[in-house]
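Dear colleague,

Please find below the structure that I am handing over to you, followed by an account of what was found in it. I hope that the notes will help you as you look through the model.

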Amino acid sequence: MKKIVSLLIVCVLALGCLPAFGEDAYLTAEEIQDYCDSLLQTALTLPPVSPEETEDGGWCFDFGSFALYSEDQTLTADSAVILAELLPGEDNLRDMRGIGPGSTAREALAAYPLDNEDLAGTYEEAVLYINGIAPDTVRVGSIVRNGSHILLIDHTVYTPSDAQMQAASALYTLENNQVVAVQLIPSMETDSLEDVQGEIFRMSELQEQREYSVYRAETPTPLAREDLTFGPIDFLSAVDADLIAVLGAPDSDIWEEEENGYLHTLQWEGVQAILRCDAQKQNAALQYLQIYSERLEGPRGIHMEDSMETVLALFPQEGEGDVLYGDGDNAPTGVISYGPEAVSVLYAAEAEDDQVALKLDFVDDALWVITCMYL
């Protein structure tokens, strides 16, 4: 019976509200409203569910793969849906743009216009597009993120209504760059036109930010010198003060004398760095950096717990056997090795007359340790 119900939902939605969208098609309030209306009609064909009262006095009707929110305690054909939510389950639904739980971040971004291909912005936010000028209709796309990991994609359309503005939104919540929930809001009043203009002004300022961008090449290139950054830390130029400025005071600070100077080892929770200094403990040069926490993002936006498939997709995979690209010995090259408990991938890059290695260790298909060092 459950499979029949799921098939019915898919068929009704496919017939009712999946028009074709070009890459320049901006979100409209009507588009969200039509989808919510179709979802309501589908809900009325299913066995009724007991509603749960929400904090704001409305009612939530949970049908498993989707939920509808209304001010009515009983759903009828005349009920106004104030929020529709697509939820993960055995049968994931798709919204009016073909996106639902299980969709990738790339798929979700591709379903709407994108004027910011490399997702430039701050480490926490970026603007995808701004279309229109208030008090006329304005459409804004934006993301909230943790570096290369997108946490929320927000597409909102503001339309004039008397002295105020109405907002309709499609919100996509993600984990590990995969959609886990979709929220569709057909209409809600904003506080004032001034508030909308203020938010759009903030978005326009964010649109000019270029302090962080995401590696999104369709055809990945070999690891290069410009990739050897860990958040704001440049492996080739960082000194002690740069590390401390980003990570704070170290938990451990050790000097070891060697033949021509000193090795300076700094340890933070989840991060270890070793620098080589001269006999006066000056002219520090970072030699070794190991990360095993979320304190720092790796090259090309690599994060702890990323799957091996996700990470390998950021680099060429054109070799044979254990060689991913190059000759397996000289930079630029990439090789993979399989151990009894872990898989190690080593990428080598040419950097200022030296070769630098980026070593990635995976345990149970999840990135466990990132190490950067000179060969």
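**Strands β13, β14 and β15**

Strand β14 and strand β15 (residues 285-291) pair in the antiparallel sense, over six bridges. Here strands (DSSP E runs of at least two residues) and helices (DSSP H or I runs of at least four residues) are numbered from the N terminus, and two strands pair if DSSP finds at least two bridges between them. This is a predicted model, in which local features need pLDDT of at least 70 and side-chain atom pairs count only at pLDDT 80 or more, while totals for chains, interfaces and linings use all residues. Residues are numbered from 1 along each chain as its sequence is written, and side-chain values use heavy atoms, with hydrogens and water left out.

Within the pairing of β14 with β15, V271 stands opposite I291. β14 is also joined to strand β13 (residues 261-268), by seven antiparallel bridges. There, H264 stands opposite L275 of β14. β13 and β14 form a hairpin with two residues between them, and G270 in its turn has a positive phi of about 90°.

The side chains of β14 alternate along the strand: V271, A273, L275 and C277 point to one face and are buried, whereas Q272, I274 and R276 point to the other face and are not buried. Buried means under 20% relative accessible area, exposed means over 50%, and partly exposed lies in between (1.4 Å probe, protein chains only).

**Salt bridges**

How many salt bridges does the structure hold? There are ten, a salt bridge being a side-chain nitrogen of Lys or Arg within 4 Å of a carboxyl oxygen of Asp or Glu. As background, side chains of opposite charge can pair when their charged atoms come close.

One of these salt bridges involves R276: its partner is E258, and the closest N and O atoms are 2.8 Å apart. Because E258 lies in strand β12 (residues 252-258) and R276 in strand β14 (residues 271-277), the pair ties together parts that are 18 residues apart in sequence. E258 is partly exposed at 27% relative accessibility, and R276 is partly exposed at 37%.

A salt bridge also links the side chains of E125 and R202 (3.2 Å, N to O). E125 belongs to strand β5 and R202 to helix α4 (residues 193-207), so this pair ties together parts that are 77 residues apart in sequence. E125 has a relative accessible area of 23% and is partly exposed; R202, at 35%, is partly exposed as well. E125, E199 and R202 are linked in a network of salt bridges.

D361 forms a salt bridge with K359, with the closest N and O atoms 2.8 Å apart. D361 is buried at 10% relative accessibility, while K359 is partly exposed at 24%.

**The nine-stranded sheet**

An open sheet of nine strands has the order β1-β2-β3-β4-β9-β8-β7-β6-β5, with antiparallel pairing. Which strands stand at its edges? They are β1 and β5 (125-131); each has a single partner strand, so one side of each is left without a neighbour in the sheet. In general, strands of a sheet pair through backbone hydrogen bonds, either parallel or antiparallel.

β1 and β2 pair in the antiparallel sense over two bridges, and the bridge partner of E53 in β2 is W59. These two strands form a hairpin with five residues between them, where G57 in the turn has a positive phi of about 90°. Four bridges then join β2 to the antiparallel strand β3 (residues 66-70). In β3, F61 has L68 as its bridge partner, and C60 has Y69. The hairpin of β2 and β3 has three residues between the strands, and G64 takes a positive phi near 95°.

Further along the chain, P160 is in strand β7 (residues 149-161). P160 is partly exposed, at 47% relative accessible area. The C-alpha atoms of P160 and P135 are separated by 6.2 Å, although the two residues are 25 apart along the chain.

**The loop after β1**

Is E55 buried or exposed? E55 is exposed, with a relative accessible area of 88%, and is found in the loop between β1 (52-53) and β2 (59-62).

Yours sincerely
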